[in-house]
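I opened this model to look up its strand pairings, its helix packing and its ligand site. My notes follow in the order in which I looked.

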Amino acid sequence: MAERLLTFSIFRYNPATPEIPPRMQEFQLDETPNMTLFIALNRLREEQDPSLMFDFVCRAAVCGSCGMLINGRPGLACKTLTQDLPDRITLMPLPVFKLVGDLSVDTGVWFRQLNENLEAWIHTDKEFDPRSPEERMDNTLAQEIYEAERCIECGSCIAACATANMRADFLGAAGLNRIARFLIDPRDERSPYQIFEVVGTDEGVFGCIGLMACDDICPVEIPLQQQLALVRRKMAWAGLTGK
Ligand code: SF4
Ligand code: FES
């Protein structure tokens, strides 16, 4: 592969210095084999500008912290190879989330609020007995719950969502996927109608306008369209029957 000289156009703004307006800054970097955007950004910070802000923890598409707009499309920087991108690469922070600085956004506050709003924990009256044997669960059902649990809270589906970009209170695909997880878990004793009272609104399941960008974008390939259809079906029935 012939070595390329890549041009990066990167959004720069530090809310701590509001007197310096937001701008795009260009950097150039020689491409190396199997270079990810994680490697490229670290080299830019080490070799050219130590003030460049971006987030990484795992470097392996597990922690979800490196989400950013890569040539306009949300994605994980640690999972994106520069060889799959053109010579000119534009990097912007994910919209919707609070900007920390440059490419770094605070998805944690957003997801914490989401989990509190959804009461995203098992609701049960059973007392926990540490000496009792583990409850068995059907393998297929456990797999379905695990499928929804795979969300790494990267925020890509939220950033790609037209509704979430227009209304800050929309749960988005990540929120509806989280609800699907509790709807199918028999240990959660909430009735579908109790969940309907939380998500049966325009900020919840009925706010989706069906563009399904989330489904194309999810880096861990959770079938978000399928999860949304499940929640919609169950919520429509709960709304009609009051059960
Ligand atoms: S559902 Fe997928 S795209 Fe959305 S936050 Fe979770 S991992 Fe990221
Ligand atoms: S650094 Fe953890 S997902 Fe990219």
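I began with one pair in the sheet: Ile 70 has Leu 91 in strand 5 as its bridge partner. This is a predicted model, in which local features need pLDDT of at least 70, side-chain atom pairs count only at pLDDT 80 or more, and totals for chains, interfaces and linings use all residues. Residues are numbered from 1 along each chain as its sequence is written, and chains are lettered from A and ligands numbered from 1 in the order in which they are written.

**Sheet**

I took helices (H or I, at least four residues) and strands (E, at least two) as DSSP runs, numbered from the N terminus. I counted two strands as paired if DSSP finds at least two bridges between them.

Strand 3 pairs with strand 5 (residues 88–92) through two bridges, in the antiparallel sense. I then checked strand 1 against strand 5: they run parallel and are joined by four bridges. Phe 8 is partnered there by Ile 89 of strand 5.

What is the strand order of the open sheet? I read 2-1-5-3-4, five strands with mixed pairing. Strand 2 (23–30) and strand 4 (73–76) are the edges; each has a single partner strand, so one side of each lacks a neighbour in the sheet. From one strand to the next the twist averages 35°. For such angles, axes are lines fitted to C-alpha atoms, for helices over the stretch in contact, and angles run from 0 to 180 degrees between N-to-C directions.

At one edge, strand 1 (residues 5–12) and strand 2 are antiparallel, with eight bridges. Phe 11 faces Met 24 of strand 2.

At the other edge, strand 3 and strand 4 run antiparallel and share four bridges. Met 68 is bridged to Gly 75 in strand 4. These two strands make a hairpin with two residues between them, and Asn 71 in the turn has a positive phi of about 50°.

**Helices**

I found helix 1 (residues 37–47) lying across strand 1, strand 2 and strand 3 (67–70), at about 100° to strand 2.

Next came helix 6 and helix 9 (residues 224–241), whose axes come within 9 Å and cross at roughly 60°. They are therefore oblique to each other: under 35 degrees counts as roughly parallel, over 145 as roughly antiparallel, 65 to 115 as roughly perpendicular and the rest as oblique.

I listed contacts (C-beta atoms, placed from the backbone, within 7 Å). Helix 6 residues including Leu 176 and Ile 179 take part, and those of helix 9 include Leu 228 and Val 231.

**Ligand 1**

Which residues come nearest to ligand 1? Of the 15 around it, they are Cys 151, Cys 154, Ser 156, Cys 157 and Cys 218. Near means that the C-beta atom, placed from the backbone, lies within 6 Å.

Helix 4 (156–159) and helix 6 (172–183) each supply at least two residues of this shell. Helix 6 gives the most, three residues.

Note on methods
Contact = placed C-beta atoms within 7 Å.
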